[in-house]
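Hi,

Here is the structure I promised to pass on. Have a look at it first, and then read on for what I found in it.

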Amino acid sequence: MKTKLSIKNFFHRFDDISYSLIAVVIGLIVGAIIMALTGFDPIEGIVGLIKGGFLSPYAIASTFTRATPIIFAGLSAALAWGSGYSSMGAQGQMIMGAITAAIVAPLIKGPAILVVIVTLLASMLAGALYSLLSAYISAKFDAYLLIITLMFNYVADYFASYLTNYVFLDPYALDKLAIQTQLIENGTIPRIFSRYTTHYGFIIALLCVAIVAFIINKTSFGYKARMSGLNPNFAEYGGIQSRKTMYKVLLLSGALAGLGGALEVLGSKFRYVDKMITSPGYSWSGITASLMSNYSAVGVLISSIFLAGITVGGSSIELLMSIPSEITLIIQGIITMLVTAKFVIKLPKFKKKEGDKDDI
Amino acid sequence: MKKFIILLISAMMVLSLAACGDKTGKEDNNDNPYADYKVAMISDTVGTDQFILQAKNRLEALAAEYGFHHTIIECSNTDDWQQKSRNACEAGYDLIVGVGWVAAAPLSQLADEFPDVEFGVIDTVAANERIMSINFNTTDGCYVLGVMVATAFPDDTVFGYIGNFQQQSNFEYKYGFMEGVKSVNPDAKFITAYADTYSDTQATYNKAVEVAAALGDNGHFIMGSVANSANAGIYQYALERGETGNKIYTSGLSVDQTTADNPYILTGLTKNTAIAMETIVKDFLEDGKITPGKTTLGVNEDAFCVVGVNFEANYLNAEIMTKEVIDAGKKAAQDLKDGKVELPYVMEDDYKE
Amino acid sequence: MEKVLEMKNIVKTYGRVVANDDISIDLRKGEILAIVGENGAGKSTLMKILYGLEKADSGEIFLHGKPVKITSPSVAMDLQIGMVQQHFMLFGPMTVTENIVYNNEISKYSFFDKKKNEEKVAELSERYGLKVDPTAIVDNCPVGTQQRIEILKTLYQNADIIIFDEPSAVLTPNEVDDLLDTMKNLAAAGKSLIIITHKLNEVMYVADRVVVLRAGKLIDVVNKKDTSIEQLSYMMIGRQVANLEIVEHDSNETLLKVENLTLGSELGKKVLDNVNLYVNAGEIVGIAGVSGNGQTELVRCISGLERNYQGKVTVNGSDVSNFDVAAIRKAGLSHIPEDRYMWGSAREATISDNILMGEEDSIRFSKNGILKQKEIDGYADKLIGEYSIKVDNNKQKIKELSGGNAQKVITAREVERDCPFTIACEPTRGIDIGAMEFVHERLVAKRDKYGGILLVTSELSEIMKLCDRIYVMYNGSINYEFKNEDIDDHKLGVLMLGGKVDENKVVN
C-alpha cells in the first residue's frame, strides 16, 4: 500500500482544515478592512492583534486563561456534534457547573485539594444531569435537541440568576450591588506561575483534550458515537443502539461543560457572578472552535486558543492603539459564519468520481 | 493535523519577525512634570450612562489641563474587566481608576500583583487596602431629602421607605432620611420594606403597593433606594396610583429621574462621579501616589447631590416643590457644611427610631 | 406522423461502463413512447441527456427537425420539454397553486395575484382532467395528487414533450390506473409522452411504441400491437444463462425461516402480507420482483431494522422475532444493504472504520472497550488484498473510492463475517462488470462453504445466474416459488408483474 500524494488528494484529505484556515484568513482580512475604513492602520492593527494575543509570555498566558472555558465548551460541542447530536447546550451546562461549584465549594470543610475534587465532581454531575434532562425531553417528545438545548440555556441562566439573587446572594460584599455569591476562600485552583493568570484548570483542559481524543478515536464507544455522527443509518444498520449512544454521548458532553464552568469559578472568578458564563460568550466560541476543527479534540484545542488569542489581542490593541476591541467580535463573527456555512455550501468538488452512479 | 500545526507555527514566526524592530523610544520629555503619567479609566460600556460619562468627561478635561496621557477602557463583561485591567497594568499605566461596583474585585486582585501601579475605585469599597476607594456619604444627602419631604408634606404623619436588603449600606440612606424628616416633624413615623433584590423591578413594585397601602391617608411619600434600575418599580406605581387621586410621591436614585412625564418623582439623589474622579486624579498628581484607603465624599463636596438643591433638576413639580421646600433643602445642606448639624455614623443595630 | 423529437447516435460512458451505446430514437406527435429495460440498461441516462441533466459524449438531438443543444433543465423547459421526476420536487408547506406557478406566477402590481393564479390552475386542471384542489396544501395531498401537481407543473410551463420517469413506482394500484388514463388523455390532447418503466403491463396498456434497451444498447423498437409481454421481457433480459459451476448440496439445516410475516403501513395497507420462506445451508435463494413490492420491508424485518411486524423470524436456529439489529447479527446474520451509501457505509469514515462496523464490541477487535487498532487495520488490509480493492491504504475514506470499490468493501465485510447466513440486497447495483463478477464469485464461494444467502435484487439476470431457488414477490406477498430445475425466465417475468401461473400455462 503506497501513499500517493497529489494536489487532489491533499485537498480531499485536508479540505475541512484548509476551509477553516481560509475562514480565519478571510476573518482577519475583513477585520483589517474595517480597521482601515475606521481610520486605523490595518497592518499595525493585525500585527498588534497577533502580538497582543500570542507573542509574549503575558499574552500567551492570558490567552490560555481565556481559552480554558472555551476548550471545555468546544470539547463538549465536538463530542455531541461529532456524534450527530446537535446540542447547543454547552452554555446551560457550564452555568449549571459554575453555580454548583460556587454553592458547593464553601460548604465543604477540609483540605483545599479535597474541596476542589469534590466541587469539580459535583459540577460535572450537574452539567451531565442537565444535559441528560434535555436529551430525555428531546427523545420523549420527539422535539429537536437543538431547540430544546437552546431553550435550556435560558432556563439555566435565569435559574442561576435566581439563585444568586435570592438564595445565595452575598449582600454584605463590599462591592455594593454586585449580584454574586460569596467569595470562595478555601478550594480555589492555584495559578501555574504566580505572575500569570493561567491556572491549573488549563492543564486539566489539556488532559481532557487527550481523554476526549482517546475516547473518540480509540474506544468502541467512541467508534459508535463517530459512526452515528457520520451516518446514523449506517450505525443503525450495523446494530448500534442510537438511543443508548445518544445518552452516553450527551452525558459526557454535559460533564465536560459542567467541569469547564466549575473551573472558571474556582480558577478565575472565585465566585459565581450573574451572567459570568453568558456574557463573555464562551460557549459560542466553543461551538465555533468545534466547527472549525471538524469535531477533532486536538483541533478544538488549537481553535480555542486561536479564538481566545484574538480576543486577548483585541483588548491589547484597544489599549495601545485605541482600536475598539469589538473588532475581534467581528472577526470571530465572520469566522463563525463561514464555518457554519460549510454545512450548507460544500466546497466545489474537484472531480466527479468514476462509476459513482447508482442508476445509469 | 501535523501540517496544520506547522502552518500555524510558521505563520506565527513570520508575524513575529514582522513585529520586530517597531519599538519606539518614549517621547523626549518637555518641561511638563505630568507628561510621563499614564492614567486609565476602566468602566462598563460608556454609552449614554451619566454615571460613567461624568467621570470620563472630567478625566479628559483634567488630562487636557495637566497634560498627562490618558485612556478610557470599556468592558462588556466580567471577563473583559479581568483581562483589560490587567492589560493596563502590563502596559505600564501608572494609575487605573475603576468606575462602578464591578471594579472592586478585579482591581483588588491586581493591586497585590502590581505594586508599582496605583489604583482607585469609585462608588465602591475595594477589599484591598492599597486602593483608594471613593464612596459617597449618602446619609447627609438623605438628610437634606428628608427635610424637604417633611416640609412639602407638613400634614403627613407616616413616611415610607423601600430598600434592597436589610444591610448597613441601605441603612445609611434610611438613617439620613429619617433624621431629616424628624428635624422638621419630630413625631413622624416610618414604614420600612425591603425588596430583597437589586434587579427585580416587579418585586419592587409589589413592595411599593404594600407600603402605600400601609401609609393609607396618613402619608404620601415613599423613598426608594433599591437600585438604579429596580427603583423604577416605585416610579411606575406612583405614576399609576397618581391617576386614582390618592397620590403617592417618591424620589429618584443615581441619576436625575425627574421628568414631566412622571410628576410624582419630586426630586432625587445623584452621585457626582466627576468630583470623585477629580479627587483621585488630583491626589495622584501631587506626588505620583494615591492616598490608600477609603475616602468619603458627600453633600459638602457636592459629590452626593440632591436634585433641585446642589444639582439642577430636569423638571420640578412646582405644585409641591415650592420655593419654601427648595429653600429648606438648601438651608439643611448649608447647615451640614457649616457643622451646625452633624450626623454621627451609626450601625443599624445601635439605632433607635 | 410528424416527428417532434429525434435523438441520434447518443453515446454516454461512465468510466468503463457504457451507459448508452449509439442509441437513436424518435418521438412522434401525440404518441406515448415507452422505454423499457432492466435497471442499468441506460433508460434514465438517455432521458437525463434529453432533459439536460447529463451531457452526452456524442450524438445529436433534433427538435421539430432542428438541431438543439440541451445543456440544462431550464433550456429543456424553454424548448417545451418537461419531466415528471420519480422523486417529486415540491414545496410541501405551500399550496398546490403556488407550487405549479412557481417561477412563472401571474402578478398584479408586482404582487402575487392569488385569485388569477388559482383560476389559471383550475382551468388547466379542468382541461386535462387532472383533478386537484388549487388551494390545498401539498403536504396534505396524497402521493397520486402530488404527481398530478408535477404533471400540471410541466403543462403550466407549456411542455409539449413530457417525460415520465418510473411514474408508477410510488403509486397505489388505483392511482396507477388514474395516471395511465391521464397519460392517454394528454396524448389525445396532442402532447407527446415518453414513459420510462420496467412494468410491462403498464406498457401494454398505454404505449403506442416500445423502445427496448439492454446493457446500454438499443435492442429494438416495436409497435405495441405487434408485441406481447413475453416478447418484451425476453428482449429485456436476453438469453443469459448461469455460467457458474454450482455444486449441489443436500441439506436440511435451515438458516432462515420466515413464518406468516405481516407488516402494515401507516395507511393501513399491508406492505407485507403473510410471507413464508426459508433458506437452507448451502443454497442461494433469490427474491425476484419489481422494486417496491415489499422486498425492502422484508429485509428490514428480517434484519431487525423494522420491529413492528407480526409473524416469526428464525435465524440460524434461534427465534429472533422482533429482536433488535445487534441481537440478530449476533444470532448469525450478515447483511449487504441495498443502498451502499445510505445504509452500507459512512462516506466520511475510513475503510478500516467501515470494515469494523458490527464487530466493534467483539473480543477480536476490542478489549475492555478499547479498540485493537492494529488488529482492525490488519484485517482491513487482508480484506483489501483478498478482494483486490483499489485503494492507497486502509485510512482512505469511502468517499474517495469508486462505487465498485466501495461496494467491495461492504461485500467483503459482510461475506467474510464469521456467520452462516447473509442477506445480499442489490449487491452489484451500479458497479462495473469486473466487480460484479467478483461479488458473484464470493457469494457462490460462501454458499459452497455451506453458508446460506438470500439474494434480493431487481437484476433478473443476477437471479437467473446465481439462485438455487427463487421466490417471486408481488404486492407484498410471495406468489410463486421456483425450484432449481424449473426456473423459467418467461414465467418469471410474467409473475413479477402480477400474472398467474397455472401448471404449465402462463396466464396474464
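Let me start with one residue in chain C: with 12 C-beta neighbours inside 10 Å, C:Phe91 counts as exposed, because 12 or fewer is the cut-off for that class. C:Phe91 belongs to the loop that links strand S6 (81–84) and helix H3 (96–101) of chain C. Which residues does C:Phe91 touch once its neighbours within four places in sequence are left aside? They are C:Asn99 and C:Val138. C:Asp139 is 48 residues away from C:Phe91 along the chain, and the two C-alpha atoms are separated by 8.2 Å.

Before going further, please keep in mind that this is a predicted model. It scores ipTM 0.79 and pTM 0.72.

**Chain C**

A second residue to look at here is C:Asn174, which sits in helix H6 (residues 173–188) of chain C. Is C:Asn174 buried or exposed? It is exposed, because 9 other C-beta atoms lie within 10 Å of C:Asn174 and the class takes 12 or fewer. From C:Asn174 to C:Ala327 the sequence separation is 153 residues, and their C-alpha atoms are 40 Å apart in space.

The domain assignment splits chain C into domain 1 (3–237) and domain 2 (254–507). C:Asn174 falls in the range of domain 1 and C:Ala327 in that of domain 2. Measuring by eye is not needed for the domains themselves: the C-alpha centres of domain 1 and domain 2 of chain C lie 33 Å apart.As for confidence, chain C averages a pLDDT of 84, and 90% of the residues score at least 70. Among the elements of chain C, helix H11 (residues 351–356) has the highest mean pLDDT, at 94, and strand S26 (residues 505–507) has the lowest, at 42. Two stretches of chain C deserve some care. Over residues 240–245 of chain C, pLDDT stays under 50, and the model has nine contacts there beyond four places in sequence. Residues 503–508 of chain C also stay under 50, with 11 contacts beyond four places in sequence. Where pLDDT is low, the predicted coordinates should not be read in detail.

**Chain A**

Chain A has 13 helices and zero strands, so its element string is a run of α from the N terminus on. Of its 360 residues, 57% count as buried. Among the contacts in chain A between residues at least 6 apart in sequence, 76% join residues at least 24 apart.

One helix pair is worth opening in your viewer. The axes of helix H7 (residues 200–218) and helix H8 (residues 220–230) of chain A come within 5 Å and cross at roughly 75°. H7(A) and H8(A) are therefore roughly perpendicular to each other, the class that covers 65 to 115 degrees. Where do H7(A) and H8(A) meet? On the H7(A) side the residues are A:Ile215, A:Ile216, A:Asn217 and A:Lys218, and on the H8(A) side they are A:Phe221, A:Gly222, A:Ala225 and A:Arg226.

Helix H10 (residues 242–269) of chain A is another one to check. At 1.5 Å a residue, its 28 residues should span 40 Å, and the end C-alpha atoms are 39 Å apart, which agrees. H10(A) is mostly covered, with 22 of its 28 residues buried. Just after H10(A) comes A:Phe270, whose phi is positive, near 65°.

**Chain B**

Chain B has 10 helices and 12 strands. Its C-alpha trace spans about 80 × 55 × 40 Å along the principal axes. Of the 353 residues in chain B, 49% are buried. For contacts in chain B with a separation of 6 or more, 68% come from residues 24 or more positions apart.

Chain B is divided into domain 1 (32–130) and domain 2 (138–270 + 302–350). How far apart are the centres of the two domains of chain B? Taken over C-alpha atoms, 32 Å separate them.

Helix H5 (residues 138–152) of chain B gets the length check too. Its 15 residues should span 21 Å at 1.5 Å a residue, and the end C-alpha atoms are 21 Å apart, which agrees. H5(B) is mostly covered: 15 of its 15 residues are buried.

That is what I have on the three chains. Let me know what you make of it.

Best wishes

Terms used: Residues are numbered from 1 along each chain as its sequence is written. Chains are lettered from A and ligands numbered from 1 in the order in which they are written. This is a predicted model: local features need pLDDT of at least 70, side-chain atom pairs count only at pLDDT 80 or more; totals for chains, interfaces and linings use all residues. Helices (H or I, at least four residues) and strands (E, at least two) are DSSP runs, numbered from the N terminus. The expected span of a helix is 1.5 Å times one less than its number of residues. A residue is buried if 20 or more other C-beta atoms lie within 10 Å of its own, exposed if 12 or fewer, and partly exposed in between; C-beta atoms are placed from the backbone. Domain bounds come from an automatic or database domain assignment. pLDDT is the predictor's confidence in each residue, from 0 to 100. Two residues are in contact if their C-beta atoms, placed from the backbone, lie within 7 Å. Axes are lines fitted to C-alpha atoms, for helices over the stretch in contact, and angles run from 0 to 180 degrees between N-to-C directions. Angles under 35 degrees count as roughly parallel, over 145 as roughly antiparallel, 65 to 115 as roughly perpendicular and the rest as oblique.
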